[in-house]
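The following exercises concern contacts, cores and helix packing. Please study the sequence and the structure before reading each solution.

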Amino acid sequence: MSEHHGAYGEADATASGAIDGATNDQTIANAQPGGAASGSGSTDASLESRARGPRGGRGGANGGRRGGTARRWLWIVIALVAVVAITVGVLVSKPGRVTGSDTVNGNGGRAADRIAIGLKLAPTNLDIRNQSGSALDQLLIGNVYEGLVARDQDNQVVPALAKAWDVSDDGLTYTFHLNERMTFSNGDVLDADDVVWSINDLIDNQYHDADSVASIANVEASDTDTVVMTLSSPDSNLLWALTGRAGLVLDQDADYDAKTEAVGSGPYTVARFTVGDSVTLTANERYWGEDKARTPTIVVKYYVDDNAAVNALKSGDVQVLAPITETLAAPFAADTDHYTVKAGDDTDKYVLAFNNKGEKTSDKRIRQAIRYAIDHDEIIASRGGSDAALGGPIPSLDPGYEDLTDLYPHDLDKAKKLMAEAGYDEDHPLELRLTYANTYASELGDQLRSQLKPIGIDLKVNVVEFSTWLQDVYTNRDYDLSLVDHNESHDFYQWADPDYYYGYDNKQVQDLYAQAIAATDDRTRDELLAKAARIVSEDAPADWLLNYRVTTVWAAGVDGFPVNLNQSVMDLRNVTYVK
C-alpha cells in the first residue's frame with residue numbers, strides 16, 4: 001500500500017478581515033471562541049472594489065523666514081486639508097465591489113481581502129456529523145474541518161493532519177504520524193487523543209458515513225502524535241474513506257451548536273451562516289499549518305436560479321461561478337479579457353440503468369441493442385461538448401479506470417440485428433418505459449426516444465418528482481429504464497450488490513470486487529477493479545451516457561480556485577483575487 005510523507009506546502013500568511021452580514025431572522029452570526037465576531041453590513045456578497053492609490057497634488061515650500069509663525073501654521077493647515085482630501089479621494093475614487101485592507105502584489109495589482117463565490121446547492125445546516133448532502137462536504141471539508149488525510153484535485157489521497165502513514169504488509173494495521181503543534185480554531189490543542197475520540201464517536205453513534213469505515217476494529221493513540229488503527233479485514237478503500245466525513249477530527253471539548261457553528265482545525269472559520277443564502281468564511285488566525293488562507297474573507301453565495309447567478313457574476317457580486325451550464329458560459333468564454341471558463345474532471349456518471357430483472361430488459365440482447373443505438377457524441381454535443389464519453393462504471397478519476405468506450409460504439413446495424421433476434425423492429429416495436437426525476441433536463445428523454453425509435457423501441461418517457469422516483473424505481477424496482485447522475489466516487493460496490501436497484505447479479509464481478517477491497521497494494525486493487533468493470537460493461541446492465549464535467553467561470557484576476565471535483569472537494573486556502 002502507498003506510503004506518503006510531507007505536509008501542506010508553504011503559502012503566504014494572511015491577516016484577518018472584517019465580517020459583514022445583514023441581520024435578519026434567518027441569519028446566524030457565528031463567533032469562534034477567541035475569534036472575530038460578526039459586524040454589520042451586507043450578506044449578499046457584494047464586494048466593493050479596491051480604492052485607488054492617493055493622487056498627487058501641487059505642493060509648495062516656504063521660500064524664506066518671512067511670514068513667520070502665521071505662515072507656517074497656514075501651510076500646516078493646507079497640508080492637513082490636502083491629507084484629508086487625498087484620504088477621501090482614496091475612499092471614494094472607485095466605487096465598486098472590493099474595499100478594505102487590500103495589499104499590493106509584486107506586479108502592482110491589489111490583492112483583494114475578500115472574494116465571493118457563487119455555488120448552487122446550499123446546506124440547510126452545518127452539522128457535518130448528521131446532515132446529509134454534498135453541499136456540506138464541498139463547503140466545510142478542507143476549509144473548516146480537516147481529516148487525517150485529504151483528497152487532491154486528481155482524487156488522490158494526500159497528507160492532512162497526518163503527515164505520513166505506514167501500512168502493515170497484511171493490510172490490517174495503519175499507523176498515522178501526526179503533524180506537531182496542531183490546534184483547533186478555538187485554541188484547543190489537537191493531538192492523537194482527538195483523532196481517537198472522533199473516530200470512535202463516529203462509529204459508536206453511526207454518524208454520516210460511519211459505514212465507510214466499518215472495517216476498523218480498534219483505534220488508539222500510541223503517543224500524542226501517533227494513531228494506530230487495526231482493521232478486522234483489509235480495506236483498500238480505507239484511506240480514501242478517511243478523506244471524507246469519516247476521517248474528520250473534531251474537538252471533543254468544544255461547546256457549540258453544530259447546526260449553526262463550526263469548530264475545526266482548517267484554514268478558515270465560519271463567521272456567518274445565512275440559511276439558503278450565504279456562508280462567510282474568515283481566515284483562521286490560529287491555523288497550525290504553513291499553507292494558510294491567502295484571502296482573509298471568502299463569501300460563498302448560493303443561487304437556485306441560473307440566470308441570477310450569471311447576473312451576479314456580470315455585476316461583480318461574485319468573482320467565481322461553479323457550476324454553470326455551457327450555454328450560459330458561452331458569452332464569458334468569448335470575453336477572454338475579463339473571464340476564464342474551464343471544465344474540470346469529476347466522478348459524476350449519468351447512468352441509464354436497465355432493470356436487469358425486468359420482464360423485457362432481462363434480455364441481454366435488448367440491453368446491448370440499446371447501447372449500440374445510443375449516439376453518445378450527439379448527446380454530449382447537445383450539452384455543450386465538455387462532458388466526457390464513458391463506456392463503463394468507473395470514471396477517469398477513480399481506481400480501476402479503463403477506457404471502455406470501444407465496447408459498444410454507435411452502430412445502428414448491430415442494434416437492429418439484436419432487436420430482430422429478440423423479435424422486434426420498427427414496424428413491431430418494443431414498448432419500454434424510461435422513468436427519471438424532474439431534476440434532469442427533459443431533453444435527455446426526448447433524445448433517447450428519438451435515438452431508440454429506428455431500432456424498434458417505442459420509449460415512453462415518464463418524468464416524475466424525485467420522491468416518486470425513489471419510491472417507484474429505487475425502492476419498488478418498478479421500471480424498465482431509469483436515468484440518474486451517480487456522482488459518488490469509489491462507488492463500484494453498486495455493481496457487486498445484487499440487491500441494488502439495478503438488479504445486476506454477477507458472481508464473478510462480486511468476487512473480483514471483494515478481492516479488490518482486500519488487496520494490500522494499489523496496483524492489484526486497480527487491476528482487479530478494471531477487470532470487474534470490463535465484465536460489467538460487456539454485460540450491459542446499463543449504459544453510461546456521459547461523465548459529467550463541471551464547468552466553472554471566474555473573473556480575470558482570480559487564481560487558485562479548484563476546477564476538478566469542485567462540487568465535492570473545494571479547498572479555498574489558495575484562492576486569490578487581484579484586480
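**Exercise 1.** Determine which residues Tyr145 touches, not counting residues up to four places away in sequence, in this predicted model.

*Solution.* Step 1: contact requires heavy atoms within 4.5 Å. Step 2: with residues up to four places away in sequence not counted, Tyr145 touches Ile128, Leu140, Leu248, Leu250, Tyr256, Glu261, Ala262, Val263 and Gly264.

**Exercise 2.** State which residues touch the most other members of the largest nonpolar core, and which helix gives the most to this core.

*Solution.* Step 1: the largest nonpolar core has 71 residues, and those touching the most other members are Leu140, Tyr145, Phe176, Met229, Val270 and Leu572. Step 2: helix H3 (residues 192-205) gives the most to this core, namely five residues. Step 3: another core, of 66 residues, lies apart from it and includes Val351, Ala373, Val536 and Ala540.

**Exercise 3.** Describe how helix H7 packs with helix H13.

*Solution.* Step 1: the axes of H7 (residues 364-373) and H13 (residues 522-539) are 9 Å apart, at an angle of about 95°. Step 2: angles of 65 to 115 degrees count as roughly perpendicular, so H7 is roughly perpendicular to H13. Step 3: from H7, Lys364, Arg367, Gln368 and Arg371 meet Ser537, Glu538 and Asp539 of H13. Step 4: the residues of this contact comprise five charged, two polar and no nonpolar.

**Exercise 4.** Establish how many residues of H7 are buried.

*Solution.* Step 1: buried means under 20% relative accessible area. Step 2: eight of the ten residues of H7 are buried, which leaves the helix mostly covered. Step 3: among these buried residues are Arg367, Gln368 and Arg371.

Technical notes: Residues are numbered from 1 along each chain as its sequence is written. This is a predicted model: local features need pLDDT of at least 70, side-chain atom pairs count only at pLDDT 80 or more; totals for chains, interfaces and linings use all residues. Side-chain values use heavy atoms; hydrogens and water are left out. Axes are lines fitted to C-alpha atoms, for helices over the stretch in contact, and angles run from 0 to 180 degrees between N-to-C directions. Helices (H or I, at least four residues) and strands (E, at least two) are DSSP runs, numbered from the N terminus. Angles under 35 degrees count as roughly parallel, over 145 as roughly antiparallel, 65 to 115 as roughly perpendicular and the rest as oblique. Ala, Val, Leu, Ile, Met, Phe, Trp, Tyr, Cys and Pro count as nonpolar, Asp, Glu, Lys and Arg as charged, and the others, Gly among them, as polar. Buried means under 20% relative accessible area, exposed over 50%, partly exposed in between (1.4 Å probe, protein chains only). A nonpolar core is a set of buried Ala, Val, Leu, Ile, Met, Phe, Trp, Tyr and Cys residues joined through side-chain atoms within 4.5 Å.
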